[in-house]
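Reader: Could you walk me through this model, starting with how far to trust it?

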Amino acid sequence: MAALPPYTYVTGQTPHPVSDPRGHAYGHRVEPVPPLDPAHPEESPAWREACTLFNAGYYWEAHEAWESLWHAAGRTGPVADCLKGLIKWAAAGVKVREGRAAGIKRHCQRATELLRSAIGPDGNSPIHSVNVGQTLTVLEDAVQNPPVVSGSPVAVRPILNWTLK
């Protein structure tokens, strides 16, 4: 990823990145990404991009980046469920920017369900750098007390066991 987009997409507030000619990704062709190596997600440019975007508050764009990895994972199984949980978490971030408490709660609840289903028999995430226990704590709090102001519903850093540069 060369640079962050000039804005993050928020429904009704900014041009749609892909479908609006003024969008920051209008006319860009999206190439399929290779499947994520769950033991070494940091080696995936798509994974690093999604985490960087989320950390910077680009929730719609992070959602799209994680979604490309979800498709590459075949959309089923523990790795796919973990990715889908992150996608739903990013969708909650979009709802925060929109000021929609019900949407925040709904997406955080679904993220919680998906991440719980992804936990292996050893109690760990199928994706090495995702700390499911800490993530679930943060998401469950967001379900009980959804933030309704612009900003981040929760920071992505609690789920990462490595630091993005």
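Author: Happy to; here are a few questions and answers on confidence, the core and one residue.

This is a predicted model, in which local features need pLDDT of at least 70 and side-chain atom pairs count only at pLDDT 80 or more, while totals for chains, interfaces and linings use all residues. Residues are numbered from 1 along each chain as its sequence is written, and side-chain values use heavy atoms, with hydrogens and water left out.

Reader: In which helix is confidence highest?

Author: pLDDT is the predictor's confidence in each residue, from 0 to 100, and its mean for the protein is 84. Helices here are DSSP runs (H or I, at least four residues), numbered from the N terminus. Confidence is lowest in helix 5 (residues 132–144), at a mean of 78, and highest, at 95, in helix 2 (residues 59–72).

Reader: Which helix supplies the largest share of the largest nonpolar core?

Author: A nonpolar core is a set of buried (under 20% relative accessible area, 1.4 Å probe, protein chains only) Ala, Val, Leu, Ile, Met, Phe, Trp, Tyr and Cys residues joined through side-chain atoms within 4.5 Å. The largest one has 39 residues, and W47, W66, L83 and I127 have the most contacts inside it. Helices 1 to 5 each supply at least two residues of this core, and the largest share, 11 residues, comes from helix 3.

Reader: Which side chain does T8 join through a polar contact?

Author: T8 lies in the segment before helix 1 and is buried, with a relative accessible area of 14%. A polar contact is a pair of N or O atoms within 3.5 Å; within protein, one must be able to donate a hydrogen and the other to accept it, and residues adjacent in sequence count only if both atoms are side-chain atoms. At 2.9 Å, the side chain that T8 joins in this way is that of E61.

Key. Buried < 20%, exposed > 50% of the residue type's maximum accessible area, 1.4 Å probe, protein only.
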